[in-house]
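This report describes one protein chain, part by part. Look over the sequence and the structure before reading on.

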Amino acid sequence: MHEIRPTNMALNQQHRRHGVTLTEVLMSLMIMGIGVVSLATLFPISTLRVLEATNLTNSTVARFNAEGIIDSFPQMVHNPDGNSSTREAGKNYIVDPLGWHELLAQGVPTPVLYEYNRPATGAFAITRPPIAQQTRYLGDDPASPTLFTSIDIARRVANLQDTTTDFGEGFPDPDGADPTAYTKNGDGLVTGLTMPTEVDLAVFNLPTTDPAYQDPKGYQAVIFDVTGRYSEIRTIETVSGQTINWPSRPLPARYSSIVGLVRIERTEPFYSWMLTVRKRASGPANVDVVVFSKRDFNELSEQVYVGDLRRFTLGDDGVPGTAGDDLNNNGTDNDLAELGYPGADDEQNNRVTVDWDPALYSTVPEKPLLRRGGFVFDAANALWYRVLTIEEAPTATSAILALEKAISRDNTEDLIANNALDTGEDRNSDGVIDRGGLIIPRGVVAVFPLETKLLQ
Ligand SMILES: [Ca+2]
Ligand SMILES: [Ca+2]
Ligand SMILES: [Ca+2]
Ligand SMILES: [Ca+2]
């Protein structure tokens with residue numbers, strides 16, 4: 001027994017020297033884990049960055065498209081209903097050719113208001129002020145349009161055809177020995193190709209030769225030459241059986257004897273724009289281009305939520321101006337006109353509480369999609385604000401939003417002693433205290449203020 005022990009100990013020591021303890025394993029796992037986790041978090045971040053970059057690029061293109069249209073057709077902004085007798089001076093409104101046509105196509109009889117489910121009665125009434133502020137215009141005379149004559153035109157003008165979806169591909173002439181695969185015009189140039197039968201054209205809903213069934217939804221063919229390095233794109237004009245045709249734009253002569261792969265794809269519009277306009281009484285208009293990604297063309301997305309935008313807080317003293325002082329010397333201390341007075345403790349405000357308590361609405365509103373970096377629209381003043389953060393909510397059906405910049409205009413009459421009608425409030429003297437409305441449409445990726453557009 002005594003002789004064996006040292007041997008065992010030596011063996012154990014040997015094991016200890018060459019092996020790895022549990023602690024060492026755990027340590028190395030932890031170190032590797034840190035590396036893997038930090039590497040893994042890089043992927044979502046980079047994906048987000050790519051998405052942000054794509055949004056930024058495409059929305060900038062959409063913005064310049066929109067500005068080009070405005071500069072070519074200034075009446076779209078300055079006379080948005082096409083009625084020369086009213087120039088909408090001093091009003092705020094929306095110019096939304098695409099939204100107008102899309103809602104019309106959905107059966108909304110007159111998509112004149114950019115709003116839905118606005119609380120119109122009760123303590124949280126948001127009445128439409130005398131200046132029509134949530135009016136949506138086509139940007140043209142709806143009775144006899146000259147510019148936005150159809151939904152197709154509106155889609156072409158206000159959409160960015162930025163993405164394509166593949167619908168199938170194949171080699172019409174895999175061996176370069178099948179002359180029947182080609183349809184040619186009088187000059188011998190290819191105006192059509194017959195696709196192999198494994199590409200089932202019927203499922204694509206492509207435009208057929210029968211004009212009654214033509215459905216030009218942006219289907220196009222990408223036609224490679226035999227090298228696979230050169231390609232031409234043709235909008236598919238008609239389809240007859242397995243043959244796709246583009247008679248108005250024949251292919252170059254290099255395709256006349258042999259073609260390579262042909263891919264059928266459809267252009268998808270993800271980005272679109274509408275305009276918000278604040279037109280001064282003197283004529284010039286401030287215009288914002290609002291760019292959406294996958295805009296939801298639905299009345300529900302124009303839900304007006306209760307959200308009082310107030311330019312100033314009352315400060316620590318809880319009253320307008322400085323407690324006990326008559327800052328504006330009108331004989332009354334701390335009247336409403338002293339709110340935000342120079343020298344007072346009132347501060348510029350960038351917070352707003354948005355409320356979607358179903359009790360306030362005639363139709364149960366969907367909860368707004370609130371997210372950092374999203375946009376909210378002041379329905380009274382036609383101003384956009386970007387959301388900086390979402391703070392804790394006082395109730396389960398409300399949230400406090402911190403906005404990226406200070407609120408520049410009040411959208412409510414209820415500026416002090418909230419929920420009560422106080423002296424100096426009720427500016428339109430209708431006996432009702434007006435609450436503010438916010439619209440929080442989904443998918444707004446950017447809002448571009450343009451240079452002031454002059455009446456031309
Ligand atoms: Ca104060
Ligand atoms: Ca005073
Ligand atoms: Ca009040
Ligand atoms: Ca009022």
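## Helix α4 and its buried residues

In this predicted model, helix α4 has these buried residues: P97, L98, G99, W100, H101, E102 and L103. The helix covers residues 97-105, and seven of its nine residues are buried, so α4 is largely enclosed by the rest of the structure. A residue counts as buried here if 20 or more other C-beta atoms lie within 10 Å of its own.

What do the buried residues of α4 pack against? Their partners are two strands that follow in the sequence as β2 (136-137) and β3 (159-170), together with helix α5 (151-158) and strand β10 (262-279). Just after α4 comes G107, which takes a positive phi of about 100°.

## Where α4 meets α5

The axes of helices α4 and α5 come within 9 Å and cross at roughly 145°. The crossing of α4 past α5 is left-handed. On the α4 side, the contact is made by P97, L98, H101, E102 and A105. On the α5 side, I151, A154, R155, V157 and A158 take part. Sorted by class, this contact has seven nonpolar residues, one polar residue and two charged residues.

P97, L98, H101 and E102 therefore appear twice in this account: they are among the buried residues of α4, and they belong to its contact with α5.

## The barrel

Strands of a sheet pair through backbone hydrogen bonds, and the pairing can be parallel or antiparallel. In this chain, six strands close into a barrel, with antiparallel pairing. The order around the barrel is β12-β13-β16-β15-β14-β17. From one strand to the next, the twist averages 45°.

One pair from the barrel can be followed in detail. Strand β14 takes in residues 375-378 and strand β15 takes in residues 383-391. These two strands pair in the antiparallel sense over four bridges. Within this pair, F375 stands opposite R386 of β15.

## The chain as a whole

The secondary structure of the protein chain comes to five helices and 18 strands. Its radius of gyration is 32 Å, well over the 23 Å that the globule rule gives for 456 residues, so the chain is more spread out than a compact globule. The C-alpha trace spans about 110 × 100 × 40 Å along its principal axes.

How much of the chain is buried? Buried residues make up 32% of the 456 residues. Among contacts between residues at least 6 apart in sequence, 70% join residues at least 24 apart.

Definitions and conventions: Residues are numbered from 1 along each chain as its sequence is written. Chains are lettered from A and ligands numbered from 1 in the order in which they are written. This is a predicted model: local features need pLDDT of at least 70, side-chain atom pairs count only at pLDDT 80 or more; totals for chains, interfaces and linings use all residues. The radius of gyration is taken over C-alpha atoms; the globule rule is 2.2 Å times the number of residues to the power 0.38. A residue is buried if 20 or more other C-beta atoms lie within 10 Å of its own, exposed if 12 or fewer, and partly exposed in between; C-beta atoms are placed from the backbone. Two residues are in contact if their C-beta atoms, placed from the backbone, lie within 7 Å. Two strands pair if DSSP finds at least two bridges between them. Axes are lines fitted to C-alpha atoms, for helices over the stretch in contact, and angles run from 0 to 180 degrees between N-to-C directions. A crossing is left-handed if the near helix is turned anticlockwise from the far one by less than a right angle, and right-handed if clockwise. Ala, Val, Leu, Ile, Met, Phe, Trp, Tyr, Cys and Pro count as nonpolar, Asp, Glu, Lys and Arg as charged, and the others, Gly among them, as polar.
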